[in-house]
Amino acid sequence: MNNPIIDPLQGDFPEVIEEYLEHGVMKCIAFNRRGTLLAAGCSNGSCVIWDFETRGIAKELQDKDCNAAITSVSWSKCGHRILASSANRTLILWDVATGEKVAQTALEKAPLQARLYPGSSTPSKCLVCPVYSPPLIIEMKAGIITALPASVSDGGDGLSVPSRNKVFDETTPHIPACFNKHGDLVYLGNSKGEILIVAHDKAQVRALIPPAVGAVIKNIVFSRNGQYLLTNSSDRIIRVYENMLPTKDGLKALDEMDETLNDLGWVEKLKAIGSKSLVLYREFQDSVTRIHWKAPGFSGDGEWVIGGSASKGEHKIYIWDRAGHLVKFLEGPKEALIDLAWHPVHPIVVSVSYTGSIFIWAKDYTENWSAFAPDFKELEENEEYVEREDEFDIMPETEKVKESEANQDEEVDIITVEHDSTFSDSDLSQEELCFLPATPCPDAPEQQDKGVGNSLKLVENSLSASPLSADAAQNGLAMNHESGHVEVQILKYSSVPFWCSVFLFGVSL
């Protein structure tokens, strides 16, 4: 689509289902950093990588010992590794290019979510949120597991493992957590509705944001630029907070604030730091239906907020702008929605249905030719135009537009690559993996044999009904069955036309 003729007033968000992908029963999805590859975890324990440009399967990662459903997939920063968590309590770190396992870890409880450390190009550290357990920081190669504090008590640092006697939302029996943009801090939300900022290297709470209401936090997500934090609570409200800490060296900023508040108690100090770290920006909800939300998140540029309906039998997607206005409502097939992902660059949303299909929502572009010039006017029908008397007169030399003052002798740099602002923080020490070579799949031998048998049968039936065979029978010529069989075997592999094969068969009799 040509950008100049696209209506600039159209919203930059998807509108219609463009395509759907099918491969087994897919449960969860994740884009790589550039949006060129889409990873999908399946119910049989495999991880399928789709080439999003061609919409074909580029690679399938499968562990022969794992046949349980994949609960989450996560890409490394440069796209060379994928972390897959499964329902059989295992974590597998894959090398995307080679398809080999880098590391594998077994847990005591099934992980519902796992995220790779964003501070490294080839990480082996990850953040895991198991069922009914506090979040864990796991160094997979070294086998080191560190539990993070899930609540704050007046006596000091403490771990609060969710008890089955406490009230939990059935859809989120875990404590959600996520890294910040550069991975030096972990943000987690507990069953009290509190948001904790944790320094994961020391497993220490550094800030506390008190709850607006005492609702269980079910999801917590950072925007790609690290400026906004989103939470989804059991009170059916999506809240967006503005991150007041610098996106880089956030831990250092917390240390500086901590030194200025030594006169306060420990809990009061955490709350004071938390009030300077996160500020409630906006709340989103459906005030009419009061539905629960599924897989909320941000668009690639952080301008839009998205959330799916958690109601059974509904595939509904809501899109708001950051000001809180509902700008688009998308309704798909009568299947429950289980996962959502917004493309990092383009206005494309990918959703996963309960049956395991992936739906690709894209923008329905309409051409607007008035975008060529501000004074361009579209005509509904032909109009007679009367030119002005001096409209096409030759202008004098003095009134001509001045020539460009650009230096015509200046060399143009065609080698230096300008950095995209969307990926300005890319680690250039290692080249990103954006595409995978396609591996052709050979045809099944059974299909080839079946095709040969059908062609042989077709030739034999045609010969039995041909005029040459009838004439040969009337003239008393006997057909040599064995020789005829040999001729047919030769002709079935040839590429000569059908009438030639019949003629040659008649001559050989």
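This report walks through a predicted model of one protein chain, from its overall make-up down to a few strands and residues.

**Ground rules**

Because this is a predicted model, local features need pLDDT of at least 70 and side-chain atom pairs count only at pLDDT 80 or more, while totals for chains, interfaces and linings use all residues. Residues are numbered from 1 along each chain as its sequence is written, and side-chain values use heavy atoms, with hydrogens and water left out.

**The whole chain**

Let's start with the big picture. The chain has six helices and 30 strands. Both kinds of element are DSSP runs numbered from the N terminus: helices are H or I with at least four residues, and strands are E with at least two. Of the 509 residues, 45% are buried. Here buried means under 20% relative accessible area, exposed means over 50%, and partly exposed lies in between, using a 1.4 Å probe and protein chains only.

The chain exposes about 28300 Å², and carbon and sulfur atoms supply 50% of that. These areas come from the Shrake-Rupley method with a 1.4 Å probe, and for residues only the protein chains shown count as cover. Now take the contacts (heavy atoms within 4.5 Å). Among those between residues at least 6 apart in sequence, 53% join residues at least 24 apart.

**Cysteines without a bond**

A disulfide is a covalent bond between the sulfur atoms of two cysteines. The cut-off used here is a pair of cysteine sulfur atoms within 2.5 Å, and the structure holds zero disulfides. Why does C28 have no bond to C47? The sulfur of C47 is the closest cysteine sulfur to that of C28, but at 7.5 Å it is too far for a bond. The sulfur of C42 also has its closest cysteine sulfur in C47, again 7.5 Å away and too far for a bond. C28 is buried, with a relative accessible area of 4%, and C42 is buried at 1%.

**A serine in a loop**

S46 sits in the loop between β3 (37-42) and β4 (47-51). Is S46 buried or exposed? S46 is buried, with a relative accessible area of 1%. Its side chain makes a polar contact with the side chain of N44 at 2.7 Å. A polar contact is a pair of N or O atoms within 3.5 Å; within protein, one must be able to donate a hydrogen and the other to accept it, and residues adjacent in sequence count only if both atoms are side-chain atoms. Leaving out residues up to four places away in sequence, S46 touches A40, G41, E60, L61, Q62 and I70.

**Two open sheets**

Two strands pair if DSSP finds at least two bridges between them. One open sheet has four strands in the order β20-β21-β22-β23, with antiparallel pairing. Its edges are β20 (217-222) and β23 (278-284), each with a single partner strand, so one side of each has no neighbour in the sheet. Neighbouring strands here are turned by 25 degrees against each other on average, direction ignored. Helix α2 (residues 266-277) packs on this sheet and touches β22 and β23; its direction makes about 60 degrees with that of β23. For such angles, axes are lines fitted to C-alpha atoms (for helices, over the stretch in contact), and angles run from 0 to 180 degrees between N-to-C directions.

Another open sheet of four strands is ordered β24-β25-β26-β27, also with antiparallel pairing. Here β24 (293-298) and β27 (326-331) are the edge strands, each with a single partner, so one side of each is left without a neighbour in the sheet. The average turn between neighbouring strands of this sheet is 15 degrees, direction ignored.

**Strand pairs and an enclosed strand**

Here are some antiparallel pairs.

| Strand pair | Bridges |
|---|---|
| β21 (residues 228-233) and β22 (residues 238-243) | five bridges |
| β26 (residues 316-321) and β27 | five bridges |
| β28 (residues 337-342) and β29 | five bridges |
| β29 and β30 (residues 358-362) | four bridges |

In a regular strand the side chains alternate between the two faces of the sheet. In β29 both faces are covered: V349, S351 and S353 on one side and V350 and V352 on the other are all buried. With five of its five residues buried, β29 (residues 349-353) is largely enclosed by the rest of the structure.

Across from β29, D339 stands opposite V352, while V349 stands opposite W361 in β30. The hairpin of β28 and β29 has six residues between the strands. The hairpin of β29 and β30 has four, and there G356 takes a positive phi near 100 degrees.
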